[in-house]
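Reader: Hi! Could you take one strand from the middle of this protein and walk me through what surrounds it? I'm in my first year, so please spell out the terms.

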Amino acid sequence: MRSDVIKSGPARAPARAMLRGAGLRTEDLARPLVAIVNTWTEVMPCNLHLRALAEHVKAGVRAAGGTPLEGNTIAVADGIAMGTPGMSGSLVSREVVADSIELFVQSHALDAVVALVGCDKTLPGAAMALARLDVPGLVLYGGSIAPGLHRGREVTIQDV
(Lines give C-alpha, C1' and ligand atoms only; values in the text may rest on other atoms or scores of the structure.)
Protein backbone atom coordinates (compact mmCIF):
# COMPACT_ATOMS: atom_id res chain seq x y z
CA MET A 1 0.00 0.00 0.00
CA ARG A 2 1.10 3.52 -0.70
CA SER A 3 0.50 4.38 2.98
CA ASP A 4 3.09 1.83 4.12
CA VAL A 5 5.66 4.60 3.74
CA ILE A 6 4.14 6.34 6.77
CA LYS A 7 3.08 3.35 8.85
CA SER A 8 5.61 0.52 8.41
CA GLY A 9 8.97 -0.15 10.01
CA PRO A 10 10.81 1.07 13.11
CA ALA A 11 11.61 4.48 11.59
CA ARG A 12 7.90 5.21 11.24
CA ALA A 13 7.12 4.64 14.94
CA PRO A 14 6.58 8.40 15.52
CA ALA A 15 4.07 8.53 12.63
CA ARG A 16 2.27 5.47 14.00
CA ALA A 17 2.21 7.10 17.43
CA MET A 18 0.55 10.18 15.93
CA LEU A 19 -2.00 8.02 14.13
CA ARG A 20 -2.64 6.03 17.32
CA GLY A 21 -3.07 9.32 19.17
CA ALA A 22 -5.75 10.21 16.60
CA GLY A 23 -7.64 7.06 17.59
CA LEU A 24 -6.45 4.53 15.02
CA ARG A 25 -5.90 0.96 16.16
CA THR A 26 -3.38 -1.59 14.88
CA GLU A 27 -6.07 -3.18 12.69
CA ASP A 28 -6.95 0.25 11.23
CA LEU A 29 -3.33 0.75 10.19
CA ALA A 30 -3.26 -2.63 8.46
CA ARG A 31 -5.93 -1.44 5.97
CA PRO A 32 -5.74 1.10 3.14
CA LEU A 33 -5.99 4.67 4.43
CA VAL A 34 -8.73 6.50 2.54
CA ALA A 35 -9.05 10.28 2.63
CA ILE A 36 -12.60 11.52 3.03
CA VAL A 37 -12.31 15.18 2.06
CA ASN A 38 -15.28 17.49 2.18
CA THR A 39 -16.08 21.13 1.63
CA TRP A 40 -18.37 21.35 4.67
CA THR A 41 -19.04 24.82 5.98
CA GLU A 42 -21.80 26.46 7.96
CA VAL A 43 -21.78 29.47 5.64
CA MET A 44 -23.83 28.03 2.78
CA PRO A 45 -26.60 25.47 2.41
CA CYS A 46 -25.01 23.65 -0.53
CA ASN A 47 -22.17 22.43 1.73
CA LEU A 48 -23.89 22.43 5.12
CA HIS A 49 -24.89 18.75 5.00
CA LEU A 50 -21.53 17.35 3.90
CA ARG A 51 -20.28 16.55 7.43
CA ALA A 52 -23.29 14.29 7.92
CA LEU A 53 -22.81 12.76 4.46
CA ALA A 54 -19.14 12.12 5.29
CA GLU A 55 -20.21 9.85 8.17
CA HIS A 56 -22.09 7.62 5.71
CA VAL A 57 -19.15 7.57 3.32
CA LYS A 58 -16.80 6.66 6.17
CA ALA A 59 -19.10 3.79 7.17
CA GLY A 60 -19.00 2.55 3.57
CA VAL A 61 -15.20 2.73 3.46
CA ARG A 62 -14.99 0.75 6.71
CA ALA A 63 -17.45 -1.85 5.35
CA ALA A 64 -15.29 -2.20 2.24
CA GLY A 65 -12.16 -2.85 4.33
CA GLY A 66 -10.55 0.58 4.39
CA THR A 67 -9.75 3.07 7.13
CA PRO A 68 -11.34 6.47 6.48
CA LEU A 69 -9.49 9.62 7.52
CA GLU A 70 -11.56 12.77 7.23
CA GLY A 71 -10.31 16.24 6.41
CA ASN A 72 -11.91 19.31 4.96
CA THR A 73 -11.11 22.25 2.77
CA ILE A 74 -12.59 25.68 2.16
CA ALA A 75 -15.58 26.80 0.13
CA VAL A 76 -16.51 30.32 -0.97
CA ALA A 77 -20.19 31.12 -1.46
CA ASP A 78 -20.55 33.22 -4.59
CA GLY A 79 -24.10 34.04 -3.54
CA ILE A 80 -22.78 35.68 -0.37
CA ALA A 81 -19.54 37.16 -1.74
CA MET A 82 -21.12 38.60 -4.92
CA GLY A 83 -20.90 42.38 -5.06
CA THR A 84 -18.33 42.54 -2.24
CA PRO A 85 -14.51 42.45 -2.17
CA GLY A 86 -14.89 38.81 -1.11
CA MET A 87 -15.82 37.88 -4.67
CA SER A 88 -12.15 38.28 -5.63
CA GLY A 89 -11.55 35.04 -3.74
CA SER A 90 -14.14 33.01 -5.60
CA LEU A 91 -12.16 31.78 -8.61
CA VAL A 92 -8.97 31.52 -6.55
CA SER A 93 -10.83 29.21 -4.15
CA ARG A 94 -10.99 26.53 -6.84
CA GLU A 95 -7.20 26.32 -6.80
CA VAL A 96 -7.09 26.36 -2.99
CA VAL A 97 -9.57 23.47 -2.87
CA ALA A 98 -7.48 21.50 -5.37
CA ASP A 99 -4.20 22.30 -3.63
CA SER A 100 -5.47 21.50 -0.14
CA ILE A 101 -6.90 18.13 -1.17
CA GLU A 102 -3.68 17.29 -2.96
CA LEU A 103 -1.60 18.36 0.05
CA PHE A 104 -3.72 16.33 2.49
CA VAL A 105 -3.51 13.15 0.40
CA GLN A 106 0.12 13.48 -0.71
CA SER A 107 1.55 14.62 2.62
CA HIS A 108 0.00 11.71 4.47
CA ALA A 109 0.62 9.13 1.69
CA LEU A 110 -3.04 8.15 1.70
CA ASP A 111 -4.11 5.28 -0.52
CA ALA A 112 -7.31 6.72 -2.00
CA VAL A 113 -9.62 9.72 -1.74
CA VAL A 114 -13.34 10.41 -1.75
CA ALA A 115 -14.11 14.12 -2.13
CA LEU A 116 -17.55 15.39 -1.10
CA VAL A 117 -18.45 18.70 -2.71
CA GLY A 118 -21.41 21.03 -2.76
CA CYS A 119 -21.23 23.86 -5.26
CA ASP A 120 -19.49 26.53 -7.27
CA LYS A 121 -15.74 26.03 -7.32
CA THR A 122 -15.61 23.00 -5.03
CA LEU A 123 -16.63 20.47 -7.67
CA PRO A 124 -13.99 21.48 -10.25
CA GLY A 125 -11.43 22.02 -7.48
CA ALA A 126 -11.89 18.46 -6.22
CA ALA A 127 -11.82 17.08 -9.76
CA MET A 128 -8.57 18.96 -10.44
CA ALA A 129 -7.02 17.47 -7.28
CA LEU A 130 -7.98 13.94 -8.27
CA ALA A 131 -6.58 14.48 -11.76
CA ARG A 132 -3.23 15.48 -10.21
CA LEU A 133 -3.10 12.67 -7.66
CA ASP A 134 -1.99 9.19 -8.67
CA VAL A 135 -4.44 7.38 -6.38
CA PRO A 136 -7.91 5.91 -6.80
CA GLY A 137 -10.44 8.66 -6.22
CA LEU A 138 -14.03 9.70 -6.49
CA VAL A 139 -15.77 13.08 -6.41
CA LEU A 140 -19.31 12.95 -5.03
CA TYR A 141 -21.63 15.90 -5.53
CA GLY A 142 -23.81 16.47 -2.46
CA GLY A 143 -26.88 17.42 -4.49
CA SER A 144 -29.05 20.47 -4.96
CA ILE A 145 -29.54 23.00 -2.19
CA ALA A 146 -32.42 22.09 0.08
CA PRO A 147 -34.98 24.87 0.55
CA GLY A 148 -35.05 26.92 3.71
CA LEU A 149 -38.09 27.90 5.75
CA HIS A 150 -39.53 31.40 6.12
CA ARG A 151 -42.76 31.91 8.04
CA GLY A 152 -43.54 28.22 7.73
CA ARG A 153 -43.10 28.18 3.94
CA GLU A 154 -40.27 26.56 1.95
CA VAL A 155 -38.23 29.14 0.09
CA THR A 156 -35.29 29.00 -2.30
CA ILE A 157 -32.98 31.65 -3.68
CA GLN A 158 -35.38 31.95 -6.62
CA ASP A 159 -38.13 33.08 -4.25
CA VAL A 160 -35.94 35.91 -3.01
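Author: Let's look at strand β1 and its surroundings.

A quick note on the source: this is a predicted model, where local features need pLDDT of at least 70 and side-chain atom pairs count only at pLDDT 80 or more, while totals for chains, interfaces and linings use all residues. Residues are numbered from 1 along each chain as its sequence is written, and side-chain values use heavy atoms, with hydrogens and water left out.

Start with the sheet: 4 strands make an open one, ordered β2-β1-β3-β4, with parallel pairing. Helices (H or I, at least four residues) and strands (E, at least two) are DSSP runs numbered from the N terminus, and two strands pair if DSSP finds at least two bridges between them. At the edges sit β2 (67–72) and β4 (137–141), each pairing on one side only.

Now for β1 itself, residues 33–38. On one side, 6 bridges tie β1 to β2, and L33 has T67 as its bridge partner there. To get from β1 to β2, the chain passes through helix α4 (residues 50–63), a right-handed β-α-β crossover. Right-handed means that, with the strands pointing away from the viewer, the path from the first strand over the helix to the second runs clockwise. On the other side, 5 bridges link β1 to β3 (residues 112–117); V34 is partnered with A112, and V37 stands opposite A115.

How enclosed is β1? 6 of its 6 residues are buried, so β1 is largely enclosed by the rest of the structure. Buried means under 20% relative accessible area, exposed over 50%, and partly exposed in between (1.4 Å probe, protein chains only). L33, A35 and V37 point one way, while V34, I36 and N38 point the other.

That brings us to the cores. A nonpolar core is a set of buried Ala, Val, Leu, Ile, Met, Phe, Trp, Tyr and Cys residues joined through side-chain atoms within 4.5 Å. The largest has 22 residues, and A35 is among those with the most contacts inside it. β1, α6, β3 and α7 (122–132) each give two or more residues to this core, and α6 provides the largest share, 4 residues. Apart from it lies another core of 9 residues, including I36 and V114. In soluble globular proteins, nonpolar side chains tend to be buried together.

Finally, V113 is in contact (heavy atoms within 4.5 Å) with V34, A35 and V37, among others, leaving aside neighbours within four places in sequence.
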